[in-house]
Every structure is written in C-alpha cells, then in structure tokens.
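Open the model in your viewer and keep the selection panel handy. We will go stop by stop, and at each one you will hear what to select and what to look for.

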Amino acid sequence: MRFVPMLLAALLVFSASAQAEAPEFYDFDTQVEEQRFRSLIAELRCPKCQNQNIADSNAPISKDMRDQVYVMMQAGATDDEIVGALVDRFGEFVKYKPPVDRRTIVLWAFPAIAVFGGVLIVAGVVLRSRRRDSAEPALSPDEKARVNRILADEDR
C-alpha cells in the first residue's frame, strides 16, 4: 500500500520525460557548413510565431523550414536560393531584413518623416508664440496708472 504513491510519482516523472521532444540533429561535413546553416535559420522568421526566428521556434512550421534549409544546403543551393524559395513559399514576412523597394520605402522612411514633421510642428508653435508676444502692444501711461490704482486698492 505504501508503494502506490511512490509508483504513481515515478510514473508521472517518467511519463513527462517520455513526452519530451528529441532535439534535432543535422549532420554537416564541415564546421563552415554548420555555421552557414545556423546563420540562415537565425535570419529567417517563423511565419507562425511573433517575431521569433526559426532557430529558436518550436512550432512545427519552423521545424519544416529548418528541414527544408538543410535539404537545400545538401543539394548545393546558395543562400539566396534558399531564402528565395522560403520567401516564395511564405512571403516577405519570413525575412527579418526586408529589402528597400517601392513597397517598403514608406516603411523605411516613416521614422525620419515623423521626426521631421515633429520638428516642424514644434518650430511652428515656438515661432507663433514669439510673434504673438511681440504683437501685443505695451501699456500706455494712462493704462499703467490705472493698473497701479487697482492694485493699490486691492492691497487695502
């Protein structure tokens, strides 16, 4: 009877480890090939995950993409061909660094446009306030005397 809780605890521990996913192993002939593979999967984004590359993602689509990169490398494809094939299949989203072209120029230029627009707005506000200050006429001597009388009456 005392062995039942221990048996259940052991089964729980071993069943959790049995469900753990085995790590992926890719066989490379040289260290250079492995480094090339690592850099390729680090620069490609998982289409399912939020801003995570396929090297770090556990999503099934990322595993498929890693497998495809490996197979294409073994077939002798260049980096551009591999990235191009994945972009054709999944779209520009899979590239962390999209190219500057007609479609993305606004995306690349927007921060500079926003800063420039903000500087123009601040300059306009400052210039407008300076003009308003200089446009107000000074008090005439009669108005100054009247202000002094009003202030003197309030002090009493």
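In which helix does S62 lie? Select S62 and you will find that this residue belongs to helix α3. Keep in mind throughout that this is a predicted model.

**Stop 1: S62 and its neighbours**

Is S62 buried or exposed? With a relative accessibility of 0%, S62 counts as buried. Now show the contacts around S62: leaving aside residues up to four places away in sequence, S62 touches C46, I54 and S57.

**Stop 2: the whole chain**

Zoom out for a moment. The chain has six helices and zero strands, so a cartoon view reads α-α-α-α-α-α from the N terminus on. Colour by accessibility, and 17% of the 156 residues come out as buried. A surface display covers about 12,600 Å² of exposed area, with carbon and sulfur atoms supplying 61% of it. If you draw a contact map, look at the pairs at least 6 apart in sequence: 51% of those contacts join residues at least 24 apart.

**Stop 3: helix α3**

Select α3, a helix of 15 residues. From its first C-alpha to its last, α3 reaches 21 Å, close to the 21 Å expected at 1.5 Å a residue. Highlight S62, M65, R66, V69, Y70, M72 and M73, which are buried. Look down the axis of α3: these buried residues fall within an arc of 170°, so they line one face of the helix. Turn to the other side of α3 to see the exposed residues P60 and V71. What covers the buried residues includes α2 and α4. Just past the end of α3, click on G76, where phi is positive at about 95°.

**Stop 4: helix α4**

Next, select residues 79–90, which form α4. This helix has twelve residues and reaches 16 Å between its first and last C-alpha, close to the 16 Å expected at 1.5 Å a residue. Its buried residues are I82, V83, L86 and V87. Seen down the axis of α4, they fall within an arc of 130°, so they line one face of the helix. Rotate to the face turned away from the buried side, and the exposed residues D80, D88 and R89 appear. Cover for the buried residues of α4 includes α2 (31–42) and α3 (60–74). α4 is followed by G91, another stop for your Ramachandran plot, with a positive phi near 100°.

**Stop 5: the nonpolar core**

Which residues have the most contacts inside the largest nonpolar core? Select F37, V69, M73 and I82; the core itself has 21 residues. The elements giving two or more residues to this core are α2, α3 and α4, and α3 gives the most, with five. In soluble globular proteins, nonpolar side chains tend to be buried together. Centre on V69 to see its partners: not counting residues up to four places away in sequence, V69 touches F37, L40, I41, L44, I82 and L86.

**Stop 6: N53 in a loop**

Finish in the loop between α2 and α3, where N53 has its place. N53 is buried, with a relative accessible area of 12%, which is below the 20% cut-off for that label. What lies 3.2 Å from a polar atom of the N53 side chain? Draw a distance there, and the other end is the backbone oxygen of A42. Beyond residues up to four places away in sequence, N53 touches I41, A42, L44, R45, C46 and Y96.

Notes:
Residues numbered from 1 in each chain as written. Predicted model: local features only at pLDDT ≥ 70, side-chain atom pairs only at ≥ 80, totals over all residues. Heavy atoms only, no water. Helix = DSSP H or I, 4+ residues; strand = E, 2+ residues; numbered from the N terminus. Expected span 1.5 Å × (residues − 1). Buried < 20%, exposed > 50% of the residue type's maximum accessible area, 1.4 Å probe, protein only. Arc of directions from axis to C-beta. Contact = heavy atoms within 4.5 Å. Polar contact = N/O pair within 3.5 Å; in protein donor to acceptor, adjacent residues only side chain to side chain. Core = buried A, V, L, I, M, F, W, Y, C linked by side-chain atoms within 4.5 Å. Areas by Shrake-Rupley, 256 points an atom, 1.4 Å probe, with all protein chains shown as cover.
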